[in-house]
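Q: Hi! I'm new to this one and would love a friendly walk through it. Could you show it to me?

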Amino acid sequence: MTTLTALGDVTARDFSLDESFARHLDSIDELRHLRGAFAIPPTERGDDSIYLCGNSLGLMPKRTRELMTQELEDWARLGVEGHLHAKTPWYSYHEAFRETGARLVGARPGEVVMMNSLTVNLHLMMVSFFRPSGRRTKILIEDSAFPSDTYAVKTHLATHGLDWRKHLLLAKPRPGEHTLRTDDVVELIATHADELALVLFGGVHFLSGQALDIERITKATHAAGARAGWDLAHAAGNLELKLHDWNVDFACWCSYKYLNSGPGAIAGTFVHERHGGDATLPRYAGWWGNDPSTRFQMQLIPDFVPRAGADGWQVSNPPIMAMVPLRASLELFDSVGMPALRRKSRVLTGYLAWLLRELVPHAGAWEVITPSDAESRGCQLSILLHDRPRDRFRALTERGVICDFREPNVIRIAPTPMYNTFLDVHRFAHVMATLSDRS
Ligand SMILES: *Cc1c(COP(=O)(O)O)cnc(C)c1O
C-alpha cells in the first residue's frame, strides 16, 4: 500500500477495507486541496456530514460569497454605470464563461452560453432543432426520462400538431435489466431512420446513473438523418465531454448539481459551430441574442440579426447576481480540468462499489443498478433497496449521511471528485454495513 503514490496507479486489486487505506488515498490525491474551497454542511454535532448528494445540489464554493459581495458593492457604488464599469462589466458578463464554459464540456469558444434554466433551454433548442417535416416527425427519448424533459418534448410535438402517442418513441432496457445497451439504442435508431426528427437522451441517467455512449449514439442519429440533442444535467462536471468532436447538435445542462452553482443556478447550453452561424434557424428571439453591434440601435433597427454562436440564443439580459456562483464554481473546475477530476472519480466510485460488495451483506436486500463498468457511469451509484427502503434511507440520514431518495426505492450516492474524500466513501460504506446488520 505504501508503494501507491498516485491515484492514477490505483487498481481494484489494491483496495483494502482499512480506514488507513482510505486515508492514504486521500493523502496522495492531487485534488485534495479542493475540499477546503467548499463549505461542507455540518451535522448536528458539528462534524462534517458525509455529503454524497452533489448529483442533486452541489456544495457552495466559499469564494462565491466574496464575488457576490463584489457585485453588490459595484451596484451600490456605480448604479447603472456598473454595466460598463463594474469590476466584471455586467454588459458582457456572460462572456466570462466563454472559455471556461467551453473547456468544461469539450466545446470551442462560442459554442457554449450560460443562460436561463435547463428546461427553458431545452425548449429554446427544440424550437430550433425539432423541425418535423414529411414522414420525419418523431422524437426518441429514454424510457423513464426525467419528467421535465418528457413534458418539454410532448409540448413540442403538440405545438406541431403531433400526438405524442404516435410520435414519441421510448428506448427501454431489456426485460429484467435496469440500463440501456448501446447496441440496442443504435439498432432502434436505425429501425426508425426514416421517421426520426430528433433523438434526445440524458448523458447520464438521473435515476440509474448510467452514462451513455454520446459519441456513438450521436453518430447513429446523424446516420439516420436526425438531430442529436443531449440533456447533460448529470453529465456536466461529472464526465469528460467532447461535445464539439462528437458532433453533438445541441446540449443543455443545469449548474446546481455537479457544477455547484447554487439552487436554481443559471444553466448552460451548447450549440455546435455548424449551426451557430445559421441565421435561418427559427428561434425565440430576444434582444440579448441580437448582434451586439446593432443591439442598442433598438427601435431604429427592428429586425433581429442573431449573434453568431450559442450567444445568439440568448433572450434577455442575464441576471448578474445569479451568474456569480457559476463564476466561482467554473474557476475551480478550470483550475484543475475535467480529465484530472475524472481520473480521481473513477477510483473514488470504484472504491465505493468495491466496499459495498465487500462490506455489506445484502442477500437480496438491495442491488447497485448503476453499471459496474467505469466507462458506463459517472460518480453516482444508485442502490435499489428491495427491503424497507424508506426506513433505510431515514437511518442513513440519522447517521450523518446526506444522499437522496427517489420513489419508490432508489437511493443515489454520488461521491464527487471535487470535494469528497476516500474517507467519506469509507465512512458511508460502514454506515450501510451497520444498517444491514440490524435487519
Ligand atoms: C435536474 C434535471 C432537470 C431539472 O430541470 P430544471 O429546469 O433545472 O428545473 C431536468 N432534466 C434532468 C435530466 C435533470 O436531471
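**A chat about the structure**

A: S208 makes a good start: S208 is buried, with a relative accessible area of 4%. Keep in mind that this is a predicted model.

Q: Where is the place of S208?

A: S208 sits in a loop, the one between strand 7 (196–202) and helix 9 (214–223).

Q: And what does the side chain of S208 reach?

A: The side chain of S208 reaches the backbone nitrogen of Q210, at 3.1 Å.

Q: Which residues does S208 touch, not counting those up to four places away in sequence?

A: Leaving those out, S208 touches H178, T179, I369, T370, P371, Q380 and S382.

Q: Let's switch to sheets. In what order do the four strands of the open sheet come?

A: The order is 11-12-15-14, and the pairing is antiparallel. The edges are strand 11 (366–368) and strand 14 (404–406), each of which pairs on one side only. From one strand to the next, the twist averages 25°.

Q: How many bridges join strand 14 to strand 15?

A: Three bridges join them, with strand 15 covering residues 410–413 and the two strands running antiparallel. As one example of who faces whom, D404 stands opposite R412 in strand 15.

Q: Which helix packs on the sheet, touching strand 14?

A: That's helix 14 (residues 389–398), which also touches strand 12 and strand 15. The direction of helix 14 makes about 170° with that of strand 14.

Q: What about helix 13, which strands does it lie across?

A: Helix 13 (residues 338–359) lies across strand 11, strand 12 (381–385) and strand 15. Helix 13 runs at about 25° to strand 12.

Q: New topic: strand 5. How many of its residues are buried?

A: Strand 5 (residues 138–142) is mostly covered, with five of its five residues buried. Both faces are covered: K138, L140 and E142 are buried on one side, and I139 and I141 are buried on the other.

Q: In which sense do strand 5 and strand 7 pair?

A: Strand 5 and strand 7 pair in the parallel sense, over three bridges. In strand 7, K138 has L196 as its bridge partner.

Q: And how many bridges join strand 5 to strand 6?

A: Four bridges join strand 5 to strand 6 (residues 168–171), and these strands run parallel. Here I141 stands opposite L170 in strand 6.

Q: Back to helices. At what angle do the axes of helix 4 and helix 12 cross?

A: The axes of helix 4 (residues 98–105) and helix 12 (residues 320–336) cross at roughly 55° and come within 10 Å. That makes helix 4 oblique to helix 12.

Q: Is that crossing left-handed or right-handed, and which residues make the contact?

A: The crossing of helix 4 and helix 12 is left-handed. Helix 4 brings T100, G101, R103 and L104 to the contact, while helix 12 brings L330, F333 and D334.

Q: One last stop: is A22 buried or exposed?

A: A22 is buried, with a relative accessible area of 0%. A22 lies in helix 1 (residues 19–28).

Q: What does A22 touch, again not counting residues up to four places away in sequence?

A: A22 touches Y351, F422, L423 and H426.

Q: And how many Å apart in space are A22 and K172?

A: From C-alpha to C-alpha, A22 and K172 are 38 Å apart in space, and they are 150 residues apart in sequence.

Terms used:
Residues numbered from 1 in each chain as written. Predicted model: local features only at pLDDT ≥ 70, side-chain atom pairs only at ≥ 80, totals over all residues. Heavy atoms only, no water. Pairing = 2+ DSSP bridges. Axes fitted to C-alpha atoms, helices over the stretch in contact; angles between N-to-C directions. Contact = heavy atoms within 4.5 Å. Buried < 20%, exposed > 50% of the residue type's maximum accessible area, 1.4 Å probe, protein only. Polar contact = N/O pair within 3.5 Å; in protein donor to acceptor, adjacent residues only side chain to side chain. Parallel < 35°, antiparallel > 145°, perpendicular 65-115°, else oblique. Left-handed = near helix turned anticlockwise from the far one by under 90°.
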